[in-house]
Structure formats: structure tokens, C-alpha cells
Amino acid sequence: MTTHEGYREALALHALGSLEEAERREVEAHLETCPHCLAELAELREATANLVHLATPLEPSANHLQRLLDALPSAGGEPRRAAATRASAMAPPTPFSLRELLKSKRFAWSARFAVAAVFVLLIVSQVNLLERLDRAYLEIARMREIGEFVTSPGVTLVPLWGTDAARGAHAKLAYEHATGHYMLFSSRMPAPPAGRRYQLWVISDRVRPAGAFSADSPDGTLSALPRGDEPFIFGMTLEPENASQSDEPTGGMVLMSAPVHHPR
Amino acid sequence: MSAAGNAKLEAGRPEDGELLSAVARGDRQAYRALYQRYAPILLGLLSRILGDRGEAEDVLQEVFLQIWKKAGDFDERRGRALHWLATIARNRALDRRSTIESRRRLAPAALPDTAYQQPLDPVDAANVAEEARHLHRALAQIPEAQRQVLLLAYFDGLSQTEIAERVGLPLGTVKSHARIGLTRLRDFLAASWADRELGRR
């Protein structure tokens, strides 16, 4: 099974968790590259989860909720006791008191310092780890967004190449003809000199400004799209930063695309 | 939590998403409300998968402990809260079931013998019952063979091969039954919800 349709056929069994291991791995590999199948899988999973309504609701036994609440980790993050099981709803546990431990004579000063140091280290490393995780999640979400945009059917991908003014620089402009939404991926672009920024142009028999571009936010909406004046090229120049939007390029061309025709 | 959020939690019936985000911030009151809203249907699901009320209550504890820790992972844009909770519960139950099966051969999963009791909150019960009606209506429109494949996969956790053996159909037919059945279910449910939303306006 190698075709997109073949993988699509298997999505329902995947949503139900019933694919055999080897096929499941194949489907998961396909899902990483196919936003369409990923979206369909999400719908099928939601449909699968609806089957819960075939179950007849049952009232949990009287002390179930209380045992659960007792088993929750307390606000400080220390579990009051291990996860409750049916057998554990008996004697209340002796609460662990850090304060009493610290007060005890056996607990020497050196040990107190050691404990304090370990706590500080733990907290610092936890915070670092959480921050890194957050960044990683954002990064993954962003990559997914980029992947979905670039592979959606209405999006055209146009390569741009550095001119003599920026040898070795290159970029790919992905844009959606219907909405003008674009993302620009560039590599080895020289940083703009002070007071200047990059400006994108749509060039045919006329030259129209298509939007300012900054390396920090490489996506936005094209302010000009070709309308019946194809072929055209995309070009990028350096323009003064303070100009709201130049009507005519004043700087030399830094990046240029080949002539672009739209499929009709 | 914002004062407005608190007021809403205290005032009455917060949305599921609000409850889950309050739980993610460690709000026990919200946790209790979420439990009261969904423990009965989840216990019903667990009992049906495990065929044993005691095991089901045990897994229900695990499920709600996991919810306490992972409530922040719930994303409203990706689906309904109950479905997220049911997915957690079902996965846990199927894990437990295979552990039990590896210890002893499980008797065919019988429907739980406990009589149906009213869940705590009649409004929650009514909402759950309404969703159940939508599902029954949608399932009634799916041919028996396809429905059977869906149920064996969902409640018994059977793989494609196991389903094929159980119902005596080729693997490819099981795959297409699952596909057509689940796609239809999705479409019928979507139509049924759209009707309901229109009816409300």
C-alpha cells in the first residue's frame, strides 16, 4: 500500500485503533506529510469518540469521588499518597511535613543547605524545562501551520534567486492566489543596512509594491497580485524604512524570480 | 483565574472547556463539577469494555487522576470535551483489559448488571441522553455489518485481523466496512447536529 488513496482507506481503522502494527506505522508516517489525511483522521476520531454514548451511564459508588480527591496531588505538587486503588481507602496517611523534618535536631545545618540547594536547582531546572517545552510546542505548531499552508491546493511556490547584489542568497515565496496570504522562506539574505528594509514587488508591464518584508515576520498578505498581466516576476529591493510604502523601487534588485504564469 | 471565570463557575453551569481550563489551574471545585458531569457515562463505558464493575471503578480513578494532570492538554478546537475524556478512558480500559486477558481468558464482555441509576445532575443527564439519541439515530442508518465492525473495534478493542476472524469476513471487507461505516456515522452526526442547531434558532 503506497498511494494516498490507499492510506486514506485505512484511516477509519486507524481512528478506531484497529490497524495492525506494521500498517499503523506506515499510516502514521504518511500522516506526517499529508495534512488532508490528518484532517480527515481528526474527524473520524471525533466520530469514533461519539460511540461512548452507547454506554449506559452508571453512578460510581458513594465514596469513589472522595477517594479520588484524597489521591490528588496537593497544591504543592507532593502527592498526599500514591494513586488510590480500591484497596487503599482505609487508614488516613500520615502527612509528610517538610517543616517538621527541618526542625528536627538530627537534621544538621549542612544537610539543610544541601536540601535547599537541591530544591533551588530542581525549581530552576523545572522552569527551564517548561520554558523549553513551551517553545518546542510553539515551534511544532508553527511548522505544522507552515506545512499545511505550503501544501494546500491554492498555494503557488515561487523560487527567488539573489542578484549580483546578494550572491548566494535565495528564497521561496509561497502565496495563495485567492487571499494574497504569503510566507517567504529565505536563506543567506544579507541583513538590511540601518534605515532600510526589504520590499517585495510584482513586476509585469507595470511595477506594483507587494509588501514590506522583515526577517522577523516572514509572512503577511500581498498587497498586489497579478491580474491578467501575466507573466510577471517577483522582485525584492532594499527601500528606506520610513517610507510608508514606496510606489516605485528606488534601490537595486536583490532577489528575483523567473517569470510566473498561473495555472488556469 | 479571572474574577469573571470564578463567578461563572460559582453561578452554575460553566462550559466543559471552562471547567477543564480551571482544572488545569488546580481548581478542585471545577474538578468536582467535571466529575459529577461525566463520571457516570465514563463509568458506563469502562464497565462495558471491562465487563466488571470493580475493575471499571478502579480504572475510573486512574482516568480522573490523569485528567487532573493533563487537563491543560485539552484543546476545544479539536473536539468535544466528553470525546477527549472518553478517548482517555477507552485507552486505559483497553490497556487494563489486555492485562487482565493476559492473566486469564476474559469471559465475553457482558453488559454490566448494575441497574441504571440517574446521574447526579438532571441537566447533565439530559445533555448526555440527547447526545445518545443523536448517536442511536445515526447508527440506525448504518447497515448491520458495518455497525458490527465499529462496535467490535470500539468496545472490544479488536484489531482488523481479529474482527475478520470473529465475523468471518476478508480483511479488505473489514477495512471498507470500517471506512464506510465510520464516514457515514460522521456525516449523519454532523447533519443531526446541524438540524439541532437550526432547531434552536
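**Figure 1. Chain B, read along its sequence, is helix after helix.** In this predicted model, chain B runs α-α-α-α-α-α-α-α-α from start to finish. That gives nine helices and zero strands. Of the 201 residues in chain B, 48% are buried. If we take the contacts in chain B between residues at least 6 apart in sequence, 65% of them join residues at least 24 apart. The accessible surface of chain B adds up to about 10,000 Å², and carbon and sulfur atoms hold 49% of that area.

**Figure 2. A helix from chain A packs on a helix from chain B.** Two packed helices are described by the angle between their axes and the distance between the axes. Here the partners are helix α5 of chain A (residues 64-71) and helix α3 of chain B (residues 28-50), and their axes sit 12 Å apart at an angle of about 145°. The crossing of α5(A) with α3(B) is right-handed. On the α5(A) side, the contact comes from A:His64, A:Leu65, A:Leu68 and A:Leu69. Facing them from α3(B) are B:Arg28, B:Tyr31, B:Arg32, B:Tyr35 and B:Gln36.

**Figure 3. B:Arg97 and B:Asp156 pair up across a long stretch of sequence.** Side chains of opposite charge can pair when their charged atoms come close. In this view, B:Arg97 and B:Asp156 form a salt bridge, at 3.4 Å from N to O. The two residues are 59 apart in the chain, so to speak from distant parts of it: B:Arg97 belongs to helix α5 (residues 81-103) of chain B, and B:Asp156 to helix α7 (residues 144-156) of chain B. Buried or exposed, what is B:Arg97? B:Arg97 counts as buried because its relative accessibility is 6%, under the 20% cut-off. B:Asp156, at 19%, also counts as buried.

**Figure 4. A:Glu5 and A:Arg8 bridge one turn of helix α1 in chain A.** Both residues lie in α1 (residues 4-9) of chain A, three residues apart, which is about one turn of the helix. Their salt bridge brings the closest N and O atoms to 3.3 Å. A:Glu5 is partly exposed, at 41% relative accessible area, and A:Arg8 is partly exposed too, at 25%. This pair also belongs to a wider network of salt bridges, which links A:Glu5, A:Arg8, A:Glu9, A:Glu40 and B:Arg179. Over all chains, a search of the whole structure turns up 21 salt bridges.

**Figure 5. A:Glu21 and A:Arg25 form a salt bridge within helix α3 of chain A.** The spacing here is four residues, about one turn of the helix, with both partners in α3 (residues 21-31) of chain A. The closest N and O atoms of A:Arg25 and A:Glu21 are 3.2 Å apart. How open is each partner? A:Arg25 is exposed, with a relative accessible area of 51%, whereas A:Glu21 is partly exposed at 40%.

**Figure 6. Four nonpolar side chains make a surface patch on chain A.** A:Leu130, A:Leu133, A:Tyr137 and A:Ile140 together form this nonpolar patch, which covers about 410 Å². One of these residues, A:Ile140, is placed in helix α7 (residues 109-151) of chain A. A:Ile140 counts as partly exposed because its relative accessibility is 45%.

Conventions. Residues are numbered from 1 along each chain as its sequence is written. Chains are lettered from A and ligands numbered from 1 in the order in which they are written. This is a predicted model: local features need pLDDT of at least 70, side-chain atom pairs count only at pLDDT 80 or more; totals for chains, interfaces and linings use all residues. Side-chain values use heavy atoms; hydrogens and water are left out. Patches are made of residues with over 30% relative accessible area and no salt bridge: like charges are joined within 9 Å, nonpolar side chains (Val, Leu, Ile, Met, Phe, Trp, Tyr) within 5 Å. Accessible areas come from the Shrake-Rupley method with a 1.4 Å probe; for residues, only the protein chains shown count as cover. Buried means under 20% relative accessible area, exposed over 50%, partly exposed in between (1.4 Å probe, protein chains only). Axes are lines fitted to C-alpha atoms, for helices over the stretch in contact, and angles run from 0 to 180 degrees between N-to-C directions. A crossing is left-handed if the near helix is turned anticlockwise from the far one by less than a right angle, and right-handed if clockwise. Contact means heavy atoms within 4.5 Å.
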